[in-house]
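Please find below my notes on this model, set out as numbered points for discussion. They move from the aromatic pairs to the charged groups over rings and then to the annotated site.

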Amino acid sequence: MAIAKSAAIHVLILCFALAYNHAHAGPVAKRKPPASPDIYKHKNVAKDVLLPGEKVINVNDLGAEPNGKTDCTQAFMDAWRMACHNLTVPARILIPTGRYLISSIIFQGPCIAPPPITIQVLGTVLATTDISEFENGEWLEFNKIDGLKIIGGGTFDGQGKQSWEYTENCEKDPDGPACVRNPSSLYFNAVSNVVVQSIRSVNAKGFHIFVTKSSNVRLRKLKILAPETSPNTDGIHISVSDGVIISRNTIATGDDCISMIQGVQNIFINKLKCGPGHGLSIGSLGKYQNEEEVRGVRIQNCTLSGTTNGLRIKAWPDRYPGAASEISFSDIIMHDVKNPIIIDQEYECYPNCKKKPSLVKIENVHFANVRGTTISPIAVELRCSKLYPCKGVTFRDIDLKFGEAPTTARCQNTNPLYNGFLMPPPCV
């Protein structure tokens with residue numbers, strides 16, 4: 001069932017909204033990703049072909065008007081209902097060229113149709129600018145679906161400019177009446193076997209792509225764009241998910257290019273172009289009780305340009321236990337990055353932090369072949385917990401330059417191991 005705001009289905013929206021907790025709205029309940037075999041394993045997901053008997057559903061045939069002004073929500077809902085809940089053959093929803101204005105929708109599974117359902121986007125899908133229409137907290141939400149492809153080279157435009165001022169109000173007064181959490185553009189909850197490929201996401205109101213409680217997700221060849229000044233517009237945000245592959249993407253936005261919080265496992269990020277933005281972040285950790293461990297994050301062959309941070313792990317002091325381990329960063333190029341390498345367990349407390357030490361355990365973090373330029377003389381900053389010092393941190397072949405001046409490293413409550421060429425020199 002696809003759900004959107006209208007008088008006839010108002011109650012249904014509230015029911016779905018109350019049925020589960022969003023991962024970013026507070027503490028995330030421990031919930032394993034859906035147990036499902038990887039249907040794309042050993043397959044060329046880059047190639048799109050019609051499956052035998054595949055039914056194509058054109059949203060224009062269901063009443064959508066591609067003029068950018070007419071509300072097309074009902075047509076999109078009807079297309080999903082037909083593809084997911086009515087058909088017993090492979091299904092494809094076609095969004096032709098043109099501009100389609102739609103409100104908030106939940107694309108609800110599980111589906112009757114055999115996986116995967118394909119959404120082929122050729123045109124531009126526009127979010128309504130009326131923030132009151134996002135009662136379920138997101139723009140396009142995909143819920144409890146096993147097998148989904150979103151492809152086609154089209155664009156999702158969140159039209160976020162008008163709502164960013166509310167995020168700025170949150171910075172000034174988090175509990176004030178003007179503070180509204182802006183919706184994510186594409187929100188994947190409890191899904192498995194998902195491919196999002198060759199899609200543009202521009203000017204999201206909040207996060208561009210949010211993945212939570214999910215498994216076997218591939219995000220490929222995406223262009224994610226928002227102004228550098230746009231607040232909280234993370235490119236890709238992941239929590240409580242297992243097996244997320246992020247490859248060949250370009251992200252330029254106002255917050256983290258990619259952020260990962262509690263419960264992520266087996267994350268692989270390859271060939272990312274990031275910047276401007278806040279870089280690549282794990283955390284913040286230790287914010288909520290009963291947080292799940294971050295384990296197995298591999299990031300390689302990435303370029304960061306003009307970002308405020310480069311490779312960052314962050315944790316709150318004086319909060320709750322947590323853990324992050326088996327994390328590697330390799331073959332990274334940086335251009336004028338402000339804080340290239342940072343482990344910060346005094347998040348939002350530095351300098352002169354007087355709070356109790358962080359309870360987050362950080363172990364086995366590896367940096368190899370990281371090179372380029374920084375706009376800060378301190379290229380490596382490791383502020384680990386006095387109570388739980390960082391263990392197993394290694395550096396190999398680091399070459400970060402600050403103009404003609406040498407770069408330096410600072411380490412607190414950790415004793416890294418070093419190998420190869422090192423600039424900055426090892427901490428003393």
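How many aromatic pairs does a search of the whole structure find?

1. The search, run over the whole of what is a predicted model, finds 11 aromatic pairs. One of them is formed by Phe 329 and Phe 367, whose rings are stacked, with 5.1 Å from centre to centre and 5 degrees between the planes. Because Phe 329 belongs to strand E27 (residues 322-337) and Phe 367 to strand E29 (residues 360-374), this pair ties together parts that are 38 residues apart in sequence.

2. As to solvent exposure, Phe 329 has a relative accessibility of 2% and therefore counts as buried, the cut-off being under 20%. Phe 367 is likewise buried, since its relative accessible area is 1%.

3. Phe 367 also takes part in a pair with Phe 395, and here the ring centres lie 5.0 Å apart with the planes at 15 degrees, so that this pair too is stacked. Phe 395 is located in strand E31 (residues 391-401) whereas Phe 367 is in strand E29, and the pair therefore ties together parts that are 28 residues apart in sequence. Phe 367 and Phe 395 are both buried.

4. A further set of aromatic residues deserves mention: Trp 80, Phe 107, Phe 142 and Phe 188 are linked by ring pairs into a cluster.

5. Charged groups placed over rings should be noted as well. The charged end of Arg 319 sits over the ring of Trp 316, at 4.2 Å from the ring centre, while the charged end of Arg 383 sits over the ring of Tyr 350, at 3.6 Å from the centre of that ring.

6. Turning to the annotated site, the unreviewed UniProt entry carries an "active site" annotation that covers His 278. Where is His 278 found? The residue is in the loop that runs between strand E23 (273-274) and strand E24 (280-285).

7. Is His 278 buried, partly exposed or exposed? With a relative accessible area of 26%, His 278 is partly exposed, because that class covers values between the limits of 20% for buried and 50% for exposed.

8. Leaving aside residues up to four places away in sequence, His 278 touches Gly 254, Asp 255 and Asp 256, and also Thr 307, Thr 308, Asn 309 and Arg 312. With regard to Gly 254, its backbone oxygen lies 3.4 Å from a polar atom of the His 278 side chain.

Technical notes. Residues numbered from 1 in each chain as written. Predicted model: local features only at pLDDT ≥ 70, side-chain atom pairs only at ≥ 80, totals over all residues. Heavy atoms only, no water. UniProt positions renumbered as here; feature names shortened; annotations may be inferred. Helix = DSSP H or I, 4+ residues; strand = E, 2+ residues; numbered from the N terminus. Buried < 20%, exposed > 50% of the residue type's maximum accessible area, 1.4 Å probe, protein only. Contact = heavy atoms within 4.5 Å. Polar contact = N/O pair within 3.5 Å; in protein donor to acceptor, adjacent residues only side chain to side chain. Phe/Tyr/Trp six-rings, centres within 6.5 Å; stacked < 30°, edge-to-face > 60°. Lys NZ or Arg CZ within 6 Å of the ring centre and 35° of its normal.
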